Amino acid sequence: MSDLNEEQRQEILDAIKSGKKIRAIKSYREYTGQGLKESKEFIDRLTAQLLEQDPDAIQTSKVGCGTTMVAFSILVMLTYVGMVS
């Protein structure tokens with residue numbers, strides 16, 4: 001990350017730590033002019049280093065596809081019950 005200024009480095013680190021890996025890759029590409037493959041590989045290496053230093057450093061989402069599907073199913077059932085009543 002030597003070709004990045006301190007603000008750019010911090011933005012990328014913050015994106016990684018908050019679980020926004022795609023945002024980190026996009027920022028790195030924008031700031032360095034690297035290609036997608038090179039940027040992804042760099043962010044993957046950086047992510048691995050951060051996890052090695054502190055396994056809790058990166059925030060992971062607790063809401064996944066399963067939770068979304070359950071919420072959607074409940075919404076559909078409530079809508080149906082409201083229409084039948």
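This is a guided tour of the structure above, moving from the overall fold to selected side chains.

**The whole chain**

Begin with the full model in cartoon view, keeping in mind that this is a predicted model. The secondary structure comes to 4 helices and 0 strands, and read along the sequence the pattern is α-α-α-α. Of the 85 residues in the protein, 22% are buried. If you switch on a surface, the accessible area comes to about 6,500 Å², and 59% of that area belongs to carbon and sulfur atoms. Among contacts between residues at least 6 apart in sequence, 39% join residues at least 24 apart.

**The nonpolar core**

Next, select I12, I16, A24, Y28, I43, L46 and L50 and show their side chains. These residues touch the most other members of the largest nonpolar core, which has 14 residues. The elements that give two or more residues to this core are helix 1, helix 2 and helix 3. As a general point, nonpolar side chains in soluble globular proteins tend to be buried together.

Now centre the view on I43 and display what surrounds this side chain. Which residues is I43 in contact with, leaving aside its neighbours within four places in sequence? The list consists of I12, I16, K21, A24, I25 and Y28. Keep K21 and Y28 displayed, since both return at later stops.

**The aromatic pair**

From I43, move to Y28 and select F42 with it. A search of the whole structure finds 1 aromatic pair, and Y28 and F42 form that pair, stacked with 4.3 Å centre to centre and 10° between the planes. The pair links distant parts of the chain, with Y28 in helix 2 (residues 21-32) and F42 in helix 3 (residues 36-53), 14 residues apart. Are these two residues buried or exposed? Y28 has a relative accessible area of 7% and F42 one of 13%; both count as buried because each value is under the 20% cut-off.

**Charged side chains on helices 2 and 3**

Colour the charged side chains next, and look for places where opposite charges meet. In general, side chains of opposite charge can pair when their charged atoms come close. The count for this model comes to 4 salt bridges, and three stops follow.

Select D44 and K21 for the first stop. These residues form a salt bridge in which the closest N and O atoms are 2.5 Å apart. D44 lies in helix 3 and K21 in helix 2, so the pair ties together parts that are 23 residues apart in sequence. D44 counts as partly exposed at 24% relative accessibility, and K21 is also partly exposed, at 35%.

Leave D44 selected and add K40. The side chains of K40 and D44 meet in a salt bridge of 2.7 Å, N to O, and both residues lie in helix 3, 4 residues apart, which is about one turn of the helix. K40 is partly exposed, with a relative accessible area of 40%. With K21 still in view, you can see how salt bridges that share partners join K21, K40 and D44 into one network.

For the third stop, select E41 and K37. Their side chains meet in a salt bridge of 3.6 Å, N to O, and the two residues lie in helix 3, 4 residues apart, about one turn of the helix. E41 is partly exposed, with a relative accessible area of 35%, whereas K37 counts as exposed at 58%.

**A buried glutamine in helix 1**

Turn now to Q8, which lies in helix 1 (residues 6-17). Q8 counts as buried because its relative accessibility is 17%, below the 20% cut-off. Which residues does Q8 contact once its neighbours within four places in sequence are left aside? Display D3 and Y31, the residues in contact with Q8 on that basis.

**The nonpolar patch**

Finish with the surface switched back on, and select M69, F72, L75 and V76. What do these residues make on the surface? Together they make a nonpolar surface patch of about 410 Å². L75, one of these residues, lies in helix 4 (residues 65-84), which brings the tour to the last of the helices in the α-α-α-α pattern.

Terms used. Residues numbered from 1 in each chain as written. Predicted model: local features only at pLDDT ≥ 70, side-chain atom pairs only at ≥ 80, totals over all residues. Heavy atoms only, no water. Buried < 20%, exposed > 50% of the residue type's maximum accessible area, 1.4 Å probe, protein only. Contact = heavy atoms within 4.5 Å. Areas by Shrake-Rupley, 256 points an atom, 1.4 Å probe, with all protein chains shown as cover. Phe/Tyr/Trp six-rings, centres within 6.5 Å; stacked < 30°, edge-to-face > 60°. Patch = residues over 30% accessible without salt bridge, like charges linked within 9 Å, V, L, I, M, F, W, Y side chains within 5 Å. Core = buried A, V, L, I, M, F, W, Y, C linked by side-chain atoms within 4.5 Å.
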